Amino acid sequence: MAPLLSDPRQASLAVVGAAALFLVAALPRRRRRSRDDVLAAMQAVVLRVEEEGRTRTVRASLPITIGRAPTATLVISDAQVSRLHARIDLSDGVPSVRDLDSRNGTLVNARPIEGLWVLRDGDEIDVGLTRIVYCGVTPWK
């Protein structure tokens, strides 16, 4: 009786197939969207940004990174602001802010924060010389 893989092309195909199955099994699984991800996708955060004598209103989806870096969601041109200074995100379905180990820290309502700080409408977030007023969450339209 002849071996099943006597043809070199069949043997090569079997090796490639086994390698493909191994790679598919080894790839990380995509995580399912959490409840917070779904809520964030449906809502926009409204922020009033007061800097250098002017005020602007920003609507953005969560998460929002705040900093000088051009990759930040909310770019603040202030030398006292770190490249990635703070982050606004949902925590257990509630908007909150966290300092990202910035050099000068983040204040909410004139108090330095450590860890996660739950945001309420009207809270004032100070990063460097810039004040960001959290105006709440609205549905995307």
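Leaving aside neighbours within four places in sequence, which residues is S96 in contact with? The views below take this up, along with two groups of strands. This is a predicted model, in which local features need pLDDT of at least 70 and side-chain atom pairs count only at pLDDT 80 or more, while totals for chains, interfaces and linings use all residues. Residues are numbered from 1 along each chain as its sequence is written, and side-chain values use heavy atoms, with hydrogens and water left out.

**View 1. S96 and its contacts.** S96 sits in strand β6 (residues 94-99); strands here are DSSP runs of E, at least two residues, numbered from the N terminus. Its contacts (heavy atoms within 4.5 Å) are R87, I88, D89, S91, L116, W117, V118 and L119, leaving aside neighbours within four places in sequence. S96 counts as buried because its relative accessibility is 2%, where buried means under 20% relative accessible area (1.4 Å probe, protein chains only).

**View 2. Strand β3 and its partners.** In β3 (residues 64-67), I64 and I66 point one way, T65 and G67 the other, and all are buried. In a regular strand, side chains alternate between the two faces of the sheet. Strands pair if DSSP finds at least two bridges between them. Three bridges link β3 to antiparallel β5 (residues 86-91), with A86 as the bridge partner of I66. Two bridges join β3 to parallel β4 (residues 74-75), where L74 stands opposite I66.

**View 3. An open sheet of six strands.** The order is β2-β1-β11-β10-β7-β8, with antiparallel pairing. β2 (54-60) and β8 (111-112) each have a single partner strand, so one side of each is left without a neighbour in the sheet. Seven bridges connect β1 (residues 43-51) with β2, and R48 stands opposite T57 in β2.

Definitions and conventions: Buried < 20%, exposed > 50% of the residue type's maximum accessible area, 1.4 Å probe, protein only. Helix = DSSP H or I, 4+ residues; strand = E, 2+ residues; numbered from the N terminus.
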